[in-house]
Amino acid sequence: MTDSEQNSSTTAPVVACQGVQRIYQQDTVPVYALRGADLTINAGEFVSLAGPSGSGKSTLLNVIGGLDGFDAGSVVVGGVDLGGLNAAELAEMRLRNVGFVFQAYNLIPVLTARENVEFILQLQGTPNQERRERADAALQRLGLGDLGDRRPGELSGGQQQRVAIARAIVTEPVLLLADEPTANLDSKTTEELLGLLRDLNPQQGMTIVTATHDPIVMGYTSRQVAMLDGEIHQDSASAD
Amino acid sequence: MIRLAWRNLQRNAARTWLTAGGIGFSVLLVSFAMSLQSGSYEIMIDAATRYFTGHAQISEKSYIDQPRLDRTLQNVQALQTELSAIEGLTVFPRVQAFAVVSMEEKSLGGMVVGVDFDAERQHLDIYDNVIEGDVPRQADQAMIGVSMARNLGAAVGDELVVLGSGKQGAVAAAIFVISGIVETGQTALDRTLVFAPIGGVAEAFYLHDEAHMLLLMVDDLSQLNAIAAQIEPLLSERLTLQTWQQLMPLIEQSIEMDKAGGYLFFSLLLILVTFAVVNTFVMVLYERTREFGLFMALGMRPWQVIGQVQFEALLLSSLGVALGLGLSYPLISYLTSVGIPLDQMGGEEAIQQMQMGAMDRIYPKATLTSLATAPLVMMIGTQLAALVSTVRVRGINPVTALRAE
Ligand SMILES: Nc1ncnc2c1ncn2[C@@H]1O[C@H](COP(=O)(O)OP(=O)(O)O)[C@@H](O)[C@H]1O
Ligand SMILES: [Mg+2]
């Protein structure tokens, strides 16, 4: 990133969606996953995206993260209009600017926790020594200092999800997107995890958006957005 | 990346070993069979050339089509001296003449061959087949084929009169005492050959420092072409050098046929194994669609995913090749030193067909081709197999791949 981009990202919103539509074709029947979603998120916000299943939370996160395309409207992330990027540029953007955390932890089973975290740095071309240091630091931050040599199968669900978060933040992305990260965790683990996420937020100025059904999760976030039928239904930031 | 590839192979260890085993087995089989083939060709060529014909012959060009007495090499001594400077080469002169061979009232057409017995005995096997008496030791002695002896009613010690036309139409006549009888097993030879010392034959047919051919034997057959190239410039316009391939085209043809048959079989085997490898990688893609989707969600490009799988393929085939060569090389080396008895392979008939007593064992020969062909084909095959099965990662949509639970 250039200096000017970095400056603009502190003043301009990190995410600006306008009239975003995403239409899936299912057996020739169009399914409207997003039907004109408007959402602006500023730097440093910790946003929860709530709503019933099928309301379009995942689709919106994927569109913002450059993982999925969209059919109408505009999506600007970190000052870059995603509508103008090709597949390679989107992949590059995901690699550099966005951290993803999925519901199913999605770690690489054959790699240890540390190797999973290092993997993404390796894709970025970070040299060996630095890679290891940064991976260890990220694991440390998430309280996994001792577990770096374990494989995902040897970790609990909560620990695996923390590894996934470590992997997502190790590249110091502008934006961390989490899709129901606590859906498979019990309430105690959920609270631990959210505590960690919330701490990341002011420390790094990292902007976090998490999809969830869970009121506990919403309680931890600084802003609550509710979705319904592919649209933004309620937003605590614009609430009366 | 190497680590990831290696761990992924370990993930499904049974399949990895099965696939690597398949590659290894085909490498073992093909490299062994090819070594055996090249060993058997070597023996076949060696046995055939060592019998009577030699590895190569130098003669007058027109003598090849019409072996007339006057079509000789001149200044043989000088040429022989020149050739003797070449490393790993032995040269024998021969003279040959058609003649009427008679004993008492009986007469037959025959071919009188004048040879240097002391020299030829050391290199050629025909002299091992003397069934009665011995090779000639004196200028007036001769050895004849067993059928000729029977037809003439001749035995060792009998006198033989040889009548022919010498150079410039002069009558050539000589008397030889039969010192031995030889049985080559080839009727044409056994019926017509009269071996006598070259000096005596040359004198009888008025040949001075002349020969009809120079027989060449090399120490290492694989050097034959190189040596032939060295000889070529020493020969005058009128002379030509023929290697065993030209002298015995049937042997060369049968080797080529056998090779072609072998290649067909080897190709089939290798193609079959390659299909098994394709299957392995189709399974890999199927099982790991989600993982590949994750890779791409994290920002990996499809070609990087393909590269990763290519790496796994390389490790897999290297493992297989190491396995195959690890088994076949020691086996070939061992059998190269002890040989495989032919009678255990039903080779009796083959021995008879080739009229050779010396070939009772076959020695496989490891050559670069025999050892490297199968590994090379398998490695390239595995990479291609992995490639054709993984190009489809380009069609993986990370969103749907990750959604599928
Ligand atoms: N790949 C797809 N093909 C067809 N329909 C899809 C696809 N992905 C999502 N949908 C549909 O889009 C709508 C929104 O889905 P999603 O964004 O996953 O909702 P949420 O995450 O809020 O549960 C749903 O009706 C879902 O069935
Ligand atoms: Mg969802």
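**Close-up views of a two-chain predicted model**

**View 1. B:Ile144 has B:Val194, a residue of β8(B), as its bridge partner**. This is a predicted model. The view is centred on strand β5 of chain B, which runs through residues 141-145. Strand β8, residues 193-197 of chain B, is joined to β5(B) by 2 bridges, and the two strands run antiparallel. Strand β7, residues 171-182 of chain B, pairs with β5(B) in the parallel sense, over 5 bridges. Within that pairing, B:Gln141 has B:Val177 of β7(B) as its bridge partner. Is β5(B) enclosed or open? Buried means under 20% relative accessible area. Because 5 of the 5 residues of β5(B) are buried, the strand is largely enclosed by the rest of the structure.

**View 2. Ligand 1 lies between chains A and B**. In this predicted model, 14 residues surround the ligand. The closest are A:Gly54, A:Lys57, A:Ser58 and A:Thr59 from chain A, and B:Arg403 from chain B. By class, the shell around ligand 1 holds 4 nonpolar, 8 polar and 2 charged residues. Two distances in the view end at the backbone: an oxygen atom of ligand 1 is 2.7 Å from a polar backbone atom of A:Gly54, and an oxygen atom of ligand 1 is 2.9 Å from a polar backbone atom of A:Lys57. Another distance ends at a side chain, where an N or O atom of A:Ser58 is 2.7 Å from an oxygen atom of the ligand. On its own, ligand 1 has 560 Å² of accessible area, and the protein covers 78% of that area. Two or more residues of the shell come from each of β1 (15-26), β2 (29-41) and α2 (57-64) of chain A, and from α16 (398-403) of chain B. Which element gives the most to the shell? It is α2(A), with 3 residues.

**View 3. Strand β9 of chain A pairs with β3(A) and with β10(A)**. Strand β3 covers residues 46-50 and β9 covers residues 223-228 of chain A; 4 bridges join them, and they run parallel. In this pairing A:Val47 stands opposite A:Arg223 of β9(A). Strand β10, residues 231-235 of chain A, pairs with β9(A) in the antiparallel sense over 4 bridges. Here A:Val225 stands opposite A:Asp235 of β10(A). How many residues lie between β9(A) and β10(A) in their hairpin? There are 2 residues between them, and A:Asp229 in the turn has a positive phi of about 50°.

**View 4. A:Thr28 sits in the loop between β1 and β2 of chain A**. Phi of A:Thr28 is positive, near 65°, and the residue is not a glycine. Most residues other than glycine have a negative phi. Is A:Thr28 buried or exposed? With a relative accessible area of 70%, A:Thr28 is exposed, because the cut-off for exposed is over 50%. A second threonine, A:Thr40, lies in strand β2 of chain A. A:Thr40 is partly exposed, with a relative accessible area of 38%. A:Thr40 and A:Val15 are 25 residues apart in sequence, and their C-alpha atoms are 5.5 Å apart in space.

**View 5. B:Asp209 is in the loop between α8 (198-204) and β9 (213-218) of chain B**. B:Asp209 is another residue other than glycine with a positive phi, near 50°. Its relative accessibility is 36%, and B:Asp209 counts as partly exposed.

**View 6. Helix α12 of chain B is largely enclosed by the rest of the structure**. The helix covers residues 289-297, and 7 of its 9 residues are buried. The buried residues of α12(B) are B:Glu291, B:Phe292, B:Gly293, B:Leu294, B:Phe295, B:Met296 and B:Ala297. After the helix comes B:Gly299, whose phi is positive, near 115°.

**View 7. Chain B has 16 helices and 12 strands**. Its radius of gyration is 32 Å, well over the 22 Å that the globule rule gives for 405 residues, so chain B is more spread out than a compact globule. The C-alpha trace of chain B spans about 105 × 45 × 30 Å along its principal axes. Of the 405 residues of chain B, 50% count as buried.

Terms used
Residues numbered from 1 in each chain as written. Chains lettered and ligands numbered in written order. Predicted model: local features only at pLDDT ≥ 70, side-chain atom pairs only at ≥ 80, totals over all residues. Heavy atoms only, no water. Buried < 20%, exposed > 50% of the residue type's maximum accessible area, 1.4 Å probe, protein only. Pairing = 2+ DSSP bridges. Near = heavy atom within 4 Å. Polar contact = N/O pair within 3.5 Å; in protein donor to acceptor, adjacent residues only side chain to side chain. Areas by Shrake-Rupley, 256 points an atom, 1.4 Å probe, with all protein chains shown as cover. Nonpolar A, V, L, I, M, F, W, Y, C, P; charged D, E, K, R; others polar. Rg over C-alpha atoms; globule rule 2.2 N^0.38 Å.
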